[in-house]
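User: I'm just starting out with protein structures. Could you take me slowly through one sheet and what surrounds it?

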Amino acid sequence: MSETVLQTVSLRRTFGPLVAVDNLDLKVEKQQFYGFLGPNGAGKSTTIKMLTGLLKPSGGQVYILGLDLAKNSVEIKRRIGVVPEGLALFERLTGAQLLNFVGRMYGLDRAKAAERSAELLEFMDLKDSADKLVADYSHGMKKKTALAAAVIHGPEVLFLDEPFEGVDAIAATTLKRLLQRFIAHGGTVFLTSHVLEVVERLCTHIGIIQNGRMVASGSLEELRTGVKIAGHDGSPLTLEEIFLQVVGGAKQDAEVLSWL
Amino acid sequence: MQVVSFVLGALLVFGICGAFFAGTLALLKSEQPEFLDLLLWAIFLVWQFAPVLFEGYSPGLNFREVARYPVSFRTYFLLNAVYGASDPAALACLLWLLSMWVGILIAQPAWALIAVPAFLLFALFNLFCNRIIIGLFDRFQSTRKGRERMVAVMLVVMLLPQLLQLATANWTNFKLLKIPGWVLDVITPIRRMAPPGVVARALLLDGGEKLVPLLLLGFYSLVVWWLLRRQLRAVYEGEIYAEGYTVKRELKVQPGWRLPGVDEVISAIVEKELHYIRQNARMIVQFVYPMILFLFLSFSRAGKNFFFSRSSAGLLASMAGFLLLSLPNLAYNIFGMDGEAFGRWLLSPLPLRKVLLGKNLTHGGILSAFYLIAAAIVISVSQISWLPAVTVTAAFFAVLVIQLGAGNLCSVYWPKRIELTRMNSRMASSAAGLASLLVVLPVGAISGAVGFAAWYWKLPWLPPVASLVGLALAFVLYPYLLNRAVNYSYDHLEEIAASLGA
């Protein structure tokens with residue numbers, strides 16, 4: 001029997017008159033690799049911030065690992081890992097110091113924090129830069145460090161906001177390897193991404209949000225059967241085709257930029 | 001405001017024009033033309049270093065960006081030179097050179113003609129030389145470490161006049177100061193061969209002999225032109241300064257610290273905060289400066305008169321005051337250096353109360369260590385009696401604890417992201433700075449009242465008792481302020497995070 005690790009009920013967030021997230025109902029099961037997609041400004045980051053306790057919902061409930069986030073935030077934070085939008089890294093620490101510190105923030109003892117930091121630096125191919133300040137890292141190195149910081153305490157659920165944005169192919173491969181390993185060991189991943197090819201390859205389930213509302217959700221197969229495109233040749237739809245069909249598609253630009 | 005500073009700047013420049021004109025006139029009328037080079041040295045130094053000092057406040061025009069546009073190298077070089085010549089410091093120096101030339105024209109008309117090419121070559125030399133220095137400065141500024149070091153150097157440069165003033169307060173008679181002979185032996189040939197001296201010789205020498213210094217000046221200008229051309233060519237062809245390299249080394253992650261008497265998490269926070277301070281030159285300067293100022297003051301004549309003639313307790317108290325002055329930089333914007341990493345505290349299962357406690361323990365610990373070391377020195381040197389020592393020490397810790405508590409509140413009421421690489425990025429918001437004053441002023445008033453009462457009614461026990469009561473009150477007040485700060489921050493997390501860029 002499947003176990004629900006993340007559920008939202010009528011989750012809502014407003015900023016003044018703007019409704020960023022509108023009665024969102026989400027359900028993610030254990031060991032699912034859930035891709036949360038949507039165009040810019042659709043409400044993805046606002047949702048992930050509410051799920052991780054960075055933003056208070058204006059309404060609705062969030063349940064993570066069976067616990068109500070509003071009442072058990074400390075317990076939930078102990079059991080989840082997060083790569084937030086801005087990465088939130090202490091940039092004046094070296095990579096090694098940062099991982100060590102984050103491990104201890106989550107209650108690991110000194111020896112275990114150091115041991116896991118070393119392993120993660122090795123795995124992430126950051127060992128040669130372990131003594132460099134994070135401020136001097138490249139964007140890809142920072143992303144890898146942020147992911148290492150998110151998993152160092154052995155979380156059960158990972159929330160990742162655009163983990164592949166601005167990351168080169170080598171770094172992306174490392175990140176993917178780590179995430180697949182995490183899922184294989186019983187973890188659950190909830191990620192937002194603009195890189196549809198990566199989502200298509202990695203994610204078992206997908207949710208598409210537009211204007212704060214969920215407009216499609218399910219496994220890739222379910223989405224393929226649910227979406228019909230007029231005049232399509234019958235081959236399996238790619239995630240990009242599904243996405244464009246669901247959120248409104250690209251405008252015809254033959255008429256504009258005629259000089260280009 | 002900009003108009004006012006422009007008018008004031010223009011008045012200053014024109015005032016100095018008058019000074020250069022009068023100086024030239026006076027030197028030539030009093031038949032001391034050999035000192036003309038001193039005026040030229042002043043121009044040389046301002047031209048070379050004023051633009052660098054001002055560039056410390058703003059990045060200016062980035063010529064690496066200009067090189068992206070479709071311009072030929074010749075145009076690129078010319079743009080760089082014109083940009084350099086239009087710098088306010090360069091324009092001021094050109095005006096001062098012109099003032100000197102007018103002075104020469106009036107006092108020694110025969111020299112006016114040769115002064116034209118000499119001054120022009122001198123101006124060209126200065127222009128190219130300054131552009132080379134700016135290029136080197138840009139190269140230094142292109143890395144984070146370089147920028148931060150530069151901010152620290154700027155701070156030291158800004159603080160230096162105060163220290164010099166204190167250091168020279170002991171020199172009552174400047175005429176007694178004698179420059180050693182070996183110094184003169186070194187300075188004289190440099191003065192003679194350096195461009196300002198060469199310009200002066202071009203004026204002083206007779207007939208055809210003038211040609212030699214003129215040719216030498218031309219040679220100097222040619223050398224700096226060639227060096228600048230070489231430097232700009234490298235940038236034009238795509239040299240990227242910030243490209244770094246990684247030193248491969250064996251990976252060894254040391255276990256974190258374990259401090260006695262505090263739990264694992266607070267130990268980790270203290271360790272993290274100390275790493276942050278240690279890796280920040282600007283913060284170190286701001287921490288250490290009050291101590292240096294205190295040392296200078298205590299050894300200067302004015303300081304000795306003030307402190308030692310009355311009581312040594314004054315010395316101890318002033319040192320405590322200097323130390324407490326550096327606290328608001330850290331304690332009144334406690335999350336400022338974390339910036340967007342403030343979000344990391346929120347994502348972790350740590351209660352904010354523990355985070356604030358850990359940070360307070362670090363800042364308080366550093367200041368306490370400084371105080372105890374300095375107090376031990378003062379007490380051993382001045383043989384201060386125990387009563388004033390206890391009074392000052394208890395008062396110091398009372399104010400320290402109150403400042404830390406008040407700082408927590410200000411840190412969440414008025415958080416401000418600190419940009420360590422920007423000179424004009426303040427360490428705390430203006431409101432927090434004002435709040436720190438509002439804490440210090442009543443403390444000062446109460447201390448003054450207690451001191452007066454003790455003196456008026458001859459109650460020597462009153463100050464130490466008042467200090468100890470103050471310390472006890474501070475420890476009662478601190479948890480209340482801490483709780484308020486924590487409660488406020490949980491209610492305003494989003495605003496705090498937004499202010500810090502999280």
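Analyst: Happy to! Please keep in mind that this is a predicted model. Let's begin with the open sheet of chain A, where four strands line up in the order β2-β1-β4-β5 with antiparallel pairing. At its edges stand β2 (18-29) and β5 (67-68) of chain A; each has a single partner strand, so one side of each lacks a neighbour in the sheet.

Now look at how β2(A) is held by its partner. Strand β1 of chain A, residues 4-15, pairs with β2(A) in the antiparallel sense over eight bridges. You can find one facing pair by eye: T14(A) stands opposite V19(A), which belongs to β2(A).

A helix joins the picture here. Helix α1 of chain A (residues 44-51) packs on the sheet and touches β1, β2 and β4 (59-64) of chain A. The direction of α1(A) makes about 60° with that of β2(A).

Next, follow the chain out of β4(A). The loop between β4 and β5 of chain A contains L65(A). This residue is not a glycine, yet the phi of L65(A) is positive, near 55°. Is L65(A) buried or exposed? L65(A) counts as partly exposed, because it has 19 other C-beta atoms within 10 Å, and a residue needs 20 or more to be called buried.

For a companion case, visit N211(A), in the loop between β9 (205-210) and β10 (213-219) of chain A. N211(A) also is not a glycine and has a positive phi, of about 50°. With 15 other C-beta atoms within 10 Å, N211(A) is partly exposed.

Technical notes:
Residues numbered from 1 in each chain as written. Chains lettered and ligands numbered in written order. Predicted model: local features only at pLDDT ≥ 70, side-chain atom pairs only at ≥ 80, totals over all residues. Pairing = 2+ DSSP bridges. Helix = DSSP H or I, 4+ residues; strand = E, 2+ residues; numbered from the N terminus. Contact = placed C-beta atoms within 7 Å. Axes fitted to C-alpha atoms, helices over the stretch in contact; angles between N-to-C directions. Buried ≥ 20, exposed ≤ 12 C-beta atoms within 10 Å, placed from the backbone.
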